[in-house]
Amino acid sequence: MPKARRSSTSIIPMWRPRTYSPIKLDDQGTSYTVPPSLFPTAGRDHSWNSRADNFLQANRPQLNALEVEAQLASSTDEIQLRLKPGGTIGAVPLRAPDTHKVTTGLIVKPRFGWDGIGPLLQYIGWAATPRILEMPLVPGSAREVPAWVLAGPILRRLERLLQDMRRSFNVQEEVRRTPRGQILSQRYITNHVVHGALHQLPCRYPDLGYDRLLRA
């Protein structure tokens with residue numbers, strides 16, 4: 001007897017979006033022991049014994065940006081890598097020690113909670129503006145860091161961008177009653193002449209002005 005054909009659903013796994021779980025610490029909090037399994041490798045040695053120095057070299061700028069101290073502690077058979085948070089909050093990407101690709105992120109949260117930053121700074125009379133680092137995006141940070149934390153520097157950058165805008169020539173297309181620049185003859189015939197709208201002239205012309213899309 002012929003064998004029954006297997007359904008496609010049994011051999012094609014269901015696609016699931018990749019989820020990232022960044023390392024989360026509290027400022028001035030306790031140290032965190034980084035498990036080596038967080039950065040898988042193809043070699044036999046899956047410990048930090050041969051990869052700790054490469055990890056520190058790949059992530060030294062990121063750790064320094066958040067004042068996170070990397071500590072190496074030796075146990076009976078392997079090296080332990082610990083991260084000690086300082087007093088700076090924020091998020092930075094972490095690179096794999098072998099490929100230097102961004103695989104996860106590090107988030108240092110305020111110990112009194114994100115929602116308590118504004119009221120606390122207002123109470124003590126001290127204003128602080130978040131700073132956007134010139135680094136890749138932090139995987140998983142969008143679900144951890146509130147959007148309003150990034151609103152300040154983003155609005156400042158948009159303000160400077162609009163202030164420094166210069167006028168330039170941009171190609172515009174417009175339906176006019178009087179010709180200007182190049183008349184799009186094919187469009188004029190197919191879209192206007194056949195409908196009796198002889199007075200509607202589709203034109204293309206260079207116009208000196210600001211970037212309308214950016215200003216919008």
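This section describes two polar residues and a nonpolar surface patch in a predicted model.

Asp27 occupies the loop that connects strand S1 (23-26) with strand S2 (32-34). With a relative accessible area of 7%, Asp27 is buried, because the limit for that class is under 20%. The side chain of Asp27 forms a polar contact of 2.4 Å with the side chain of Arg111. Arg111 also appears among the residues in contact with Asp27 once neighbours within four places in sequence are set aside. The other residues of this set are Pro85, Gly86, Gly87, Ile89, Val108, Lys109 and Pro110.

Gln80 belongs to strand S4 (residues 79-84). The relative accessibility of Gln80 is 26%, and the residue therefore counts as partly exposed. Within the chain, a polar contact of 3.0 Å links the side chains of Gln80 and Arg82. When residues up to four places away in sequence are not counted, Gln80 touches Gln71, Leu72 and Ala73. Gln80 and Thr33 are separated by 47 residues in sequence, while their C-alpha atoms lie 6.9 Å apart in space. Thr33 falls within the range of strand S2 (32-34).

On the surface, a nonpolar patch is formed by Ile132, Leu150, Ile154, Leu155, Leu158, Leu161, Leu162 and Leu214. Together these residues present about 670 Å² of accessible area. Helix H3 (residues 147-163) supplies the largest share of the patch, namely six residues. One of the patch residues, Ile154, lies in helix H3. Ile154 has a relative accessible area of 39% and is partly exposed.

Technical notes
Residues numbered from 1 in each chain as written. Predicted model: local features only at pLDDT ≥ 70, side-chain atom pairs only at ≥ 80, totals over all residues. Heavy atoms only, no water. Helix = DSSP H or I, 4+ residues; strand = E, 2+ residues; numbered from the N terminus. Buried < 20%, exposed > 50% of the residue type's maximum accessible area, 1.4 Å probe, protein only. Polar contact = N/O pair within 3.5 Å; in protein donor to acceptor, adjacent residues only side chain to side chain. Contact = heavy atoms within 4.5 Å. Patch = residues over 30% accessible without salt bridge, like charges linked within 9 Å, V, L, I, M, F, W, Y side chains within 5 Å. Areas by Shrake-Rupley, 256 points an atom, 1.4 Å probe, with all protein chains shown as cover. Salt bridge = Lys/Arg side-chain N within 4 Å of Asp/Glu carboxyl O.
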